[in-house]
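Reader: Let's take a close look at one part of this model. I'd like the sheet and the helix that packs on it, step by step.

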Amino acid sequence: MICVPITASDVNGAIKEMKEASKIADILELRLDFIRNISENDLGRLLSKKKKKIIITDRKKRLSLLKKAIELKADFIDLDILVGEKKIREIINNKNKTKVIVSYHNFKKTDRREISLVFEKIKKLKPDVIKIATFSNSVIDNLIIFDLIKKAKKQNKKIIGLCMGEKGEISRILSVIYGAELTFGSLREGKESAPGQITAKILKNVYRVNKLRNENPGVYGLVGNPVKHSKGVIIHNKAFEKLKLKNIYVNFLVDDLKSFIKAFKGIIKGLSITIPFKREAISYLDKVDPIARRVGAVNTVVKKGGKLIGYNTDCVGAIQAIEDKIKIKGQDFVILGAGGAARAIAYGIKQKDGNLIILNRTIKKAEKLAKGLKCAFGGLELSYLNVDCLVNTTSIGMFPKVNESLVNKKLLKNMVVFDAIYNPGMTKLLKDAKSNGCKVIFGIEMFVNQALEQLKLWTGKKINKNYIKGLV
Ligand code: ATR
């Protein structure tokens with residue numbers, strides 16, 4: 001179930017939000033503490049307007065309002081454990097048909113021992129539902145909440161469990177899939193009632209949390225830092241849906257790759273790897289495909305027979321994108337950058353017998369990569385450019401600094417220009433190239449190609465490229 005919190009600051013606003021939220025939510029949570037000067041009469045008016053089941057919550061812990069909600073036959077009330085055990089028992093004994101959620105919050109951390117003690121304490125009060133929400137300081141904290149949900153399910157206890165904050169985002173998706181009663185989704189962006197909340201629409205239509213609940217889906221995800229603006233979540237979840245696969249793809253915001261892999265190895269079936277982990281990932285895998293090893297970077301991980309195997313699909317994704325526009329053999333290429341993406345593209349171009357020069361801000365890095373590939377290298381200071389194809393793999397021009405480009409517009413003549421950046425689609429470099437009459441290759445081509453190759457490695461299935469391109 002998806003629960004949409006109503007966070008308007010006055011009664012009329014709340015009525016409006018309730019109407020809008022009822023279209024997407026399975027249940028609403030009316031946050032009385034958000035509404036200025038709310039009276040018992042207001043509460044009556046609000047409850048008379050409800051079209052979906054409703055939870056009445058008041059973080060200001062005004063028991064008179066919560067008791068009134070029982071009198072008015074609200075479906076659920078939420079009682080914070082801080083109300084005190086004696087008062088909670090008294091309310092539970094007089095709750096009539098209203099169901100009671102007893103909740104615990106820790107806005108600073110997620111602690112396994114503390115959560116276990118709190119769970120036992122709330123259980124003794126015999127509420128209808130136990131709710132535990134704690135702040136996540138690391139993606140690994142989510143595993144504590146997943147274990148709690150499994151424990152509650154084994155004991156036939158209804159539970160809502162989640163981690164707050166950006167690093168807890170996966171719990172807002174996976175906890176309900178693992179059997180929690182509900183997850184909270186905001187009415188729209190900017191309407192979050194707690195840090196890390198995702199919109200209800202995305203929970204329902206992209207992550208399919210209701211459809212996949214208790215289905216034990218295969219868990220895939222993007223590992224990186226940052227991960228927020230990646231289009232992978234849309235592409236892969238929509239592809240899984242189209243292929244009728246019970247899989248899910250989430251964003252793992254990771255600080256320490258080694259401990260993430262150790263902790264999540266048992267849970268995940270496949271991973272995409274992005275900045276800054278593409279090179280480091282090689283060290284923690286059981287096996288690395290020869291191309292990824294030669295490239296020196298992994299962007300795809302597949303779990304087979306319990307072993308993690310690394311691949312590089314950036315390489316084939318980029319080469320396909322280039323070959324859609326020009327032949328590589330015997331042509332002259334310049335690559336700007338010497339990071340993970342540059343390594344993949346440079347390797348691919350050399351494999352296809354293209355002539356290559358690698359230019360990078362840090363010349364030592366360009367030199368290292370160029371030596372391995374037996375090609376030329378240099379710095380970024382360009383006074384002329386006589387090539388068939390220019391490839392940008394640096395982050396210059398990427399959102400939000402969209403007005404930047406490493407190359408003077410005057411130099412962009414009679415060549416194909418490929419920018420690996422896909423946000424924005426039309427970078428300054430590509431705009432300049434296009435207005436000088438050059439052919440351009442958009443980063444989204446490479447991104448979609450590499451994603452389709454990932455899907456093939458994970459599932460053995462192919463999906464129509466135009467369908468995926470239409471999603472991003
Ligand atoms: P990716 O995996 O996307 O390739 P990366 O490995 O972090 O990411 O590589 C980023 C590339 O962008 C590097 O070539 C980097 O140059 P340095 O090796 O000198 O760091 C380049 N880059 C990043 N910021 C840059 C800037 N402000 N000017 C020029 N190049 C920059």
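Which strands does helix 14 lie across?

Author: This is a predicted model, where local features need pLDDT of at least 70, side-chain atom pairs count only at pLDDT 80 or more, and totals for chains, interfaces and linings use all residues. Residues are numbered from 1 along each chain as its sequence is written, and side-chain values use heavy atoms, without hydrogens and water.

Helix 14 (residues 340-351) lies across strand 16 (332-336), strand 17, strand 19 (389-392) and strand 20 (416-419). Contact means heavy atoms within 4.5 Å. Helix 14 runs at about 170° to strand 16. Such angles run from 0 to 180 degrees between N-to-C directions, with axes fitted to C-alpha atoms, for helices over the stretch in contact. Helices (H or I, at least four residues) and strands (E, at least two) are DSSP runs numbered from the N terminus.

Now the sheet itself. Six strands form an open sheet with parallel pairing. Their order is 18-17-16-19-20-21. Strands pair if DSSP finds at least two bridges between them. From one strand to the next, the twist averages 20°.

Next, the edges. Strand 18 (376-378) and strand 21 (439-441) stand there. Each has a single partner strand, so one side of each is left without a neighbour in the sheet.

Strand 18 pairs with strand 17 (residues 355-359). This pairing is parallel and spans three bridges. Within it, Ile-358 stands opposite Phe-377 in strand 18. Strand 17 is also one of the strands that helix 14 lies across.
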